[in-house]
Amino acid sequence: MTSTTESTRELLLSRIRDVADYPKPGVMFKDITPLLADPVAFTALTDALAELCVRHGATKVVGLEARGFILAAPVAVRAGLGFVPVRKAGKLPGATLSQAYELEYGTAEIEIHAEDLTAEDQIMVIDDVLATGGTAEASLQLIRRAGARVAGVAVLMELGFLDGRARLESGLAGAPLEALIRV
């Protein structure tokens, strides 16, 4: 559990909007755009995630496309760390490492520039939501294939009913999974 205060959790949760049947019927989408639009809430989120990066010894932050970019880039700046994007296949120029995976809506593939990571790096993966864990699991595989170590995974919100935490357990190999909010 993070050291995030209950008042911070309440603030963050109050700025997340539920959108029914998006992106398909039966899915309750967690819209973080109201949180991003509120400078107090966005700052609180950035500070909480940056503190986790520092606490767990991260040397770089990996943000997962697409909303993970929005969270991870300011966190990296706040923590004084580099930012490395993990993108959908075909979106990064030049040589990449890729990893296919299954997610809650089908299948996908992500890529990273391996040269942006070194054997000395400890990577904190940041995303907005941990759902089934497919994207995060694939990112952990990419980070290790690039030669870096995993400092942990930090998310704004964990959807516990989808059991992504269990899926990540072996891939984390003892590194922490930190969720500021669990629903």
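Start with Arg 167: with a relative accessibility of 29%, this residue counts as partly exposed. Its side chain meets that of Glu 137 in a salt bridge, 2.8 Å from N to O. Keep in mind that you're looking at a predicted model. Across the structure there are twelve salt bridges, and below you'll also meet nonpolar cores and a pair of packed helices.

**Arg 167 and Glu 137**
- This pair links distant parts of the chain: Arg 167 sits in helix H6 (residues 164–172) and Glu 137 in helix H5 (residues 134–145), 30 residues apart.
- Glu 137 is partly exposed, with a relative accessible area of 22%; the cut-off for buried is under 20%, so Glu 137 doesn't make it into that class.
- Elsewhere, salt bridges with shared partners join Glu 51, Arg 55 and Glu 178 into one network.

**Asp 38 and Arg 15**
- Asp 38 and Arg 15 form a salt bridge too, and their closest N and O atoms are 2.6 Å apart.
- Asp 38 is in the loop between helix H2 (33–37) and helix H3 (39–55), while Arg 15 is in the loop between helix H1 (6–14) and strand E1 (17–20), so the pair ties together parts that are 23 residues apart in sequence.
- The two partners fall into separate classes: Asp 38 counts as buried at 15% relative accessibility, whereas Arg 15 is partly exposed, with a relative accessible area of 29%.

**Asp 18, Lys 30 and Met 28**
- Asp 18 and Lys 30 bring their side chains together in a salt bridge, at 2.6 Å from N to O.
- Here strand E1 supplies Asp 18 and strand E2 (residues 28–31) supplies Lys 30; the pair is twelve residues apart and links distant parts of the chain.
- Lys 30 counts as buried at 17% relative accessibility, but Asp 18 is partly exposed, with a relative accessible area of 44%.
- Met 28 is in strand E2 as well, and at 43% relative accessibility Met 28 counts as partly exposed.
- Leaving aside neighbours within four places in sequence, Met 28 is in contact with Asp 18, Val 19 and Ala 20.
- For a sense of scale, the C-alpha atoms of Met 28 and Tyr 101 are separated by 22 Å, and these residues are 73 apart along the chain.

**The nonpolar cores**
- In soluble globular proteins, nonpolar side chains tend to be buried together.
- The largest nonpolar core here has 29 residues, and the members that touch the most others are Leu 45, Leu 49, Cys 53, Ile 126 and Leu 156.
- At least two residues of this core come from each of H3, helix H4 (67–79), strand E7 (122–130), strand E8 (149–158) and strand E9 (177–182).
- H3 gives the largest share, with seven residues.
- Not counting residues up to four places away in sequence, Leu 156 touches several residues, including Leu 12, Leu 45, Leu 71 and Leu 180.
- Apart from the largest core lies another one, of 27 residues; among them are Leu 64, Ile 112, Leu 130 and Ile 143.

**How H1 packs on H3**
- The axes of H1 and H3 are 10 Å apart, and the two helices pack at an angle of about 125°.
- That angle makes H1 oblique to H3.
- The crossing of H1 past H3 is left-handed.
- On the H1 side, Thr 8, Leu 11 and Leu 12 make the contact; on the H3 side, it's Val 40, Ala 41, Ala 44 and Leu 45.
- You've met Leu 45 already, as one of the core members that touch the most others.

Definitions and conventions
Residues are numbered from 1 along each chain as its sequence is written. This is a predicted model: local features need pLDDT of at least 70, side-chain atom pairs count only at pLDDT 80 or more; totals for chains, interfaces and linings use all residues. Side-chain values use heavy atoms; hydrogens and water are left out. A salt bridge is a side-chain nitrogen of Lys or Arg within 4 Å of a carboxyl oxygen of Asp or Glu. Helices (H or I, at least four residues) and strands (E, at least two) are DSSP runs, numbered from the N terminus. Buried means under 20% relative accessible area, exposed over 50%, partly exposed in between (1.4 Å probe, protein chains only). A nonpolar core is a set of buried Ala, Val, Leu, Ile, Met, Phe, Trp, Tyr and Cys residues joined through side-chain atoms within 4.5 Å. Contact means heavy atoms within 4.5 Å. Axes are lines fitted to C-alpha atoms, for helices over the stretch in contact, and angles run from 0 to 180 degrees between N-to-C directions. Angles under 35 degrees count as roughly parallel, over 145 as roughly antiparallel, 65 to 115 as roughly perpendicular and the rest as oblique. A crossing is left-handed if the near helix is turned anticlockwise from the far one by less than a right angle, and right-handed if clockwise.
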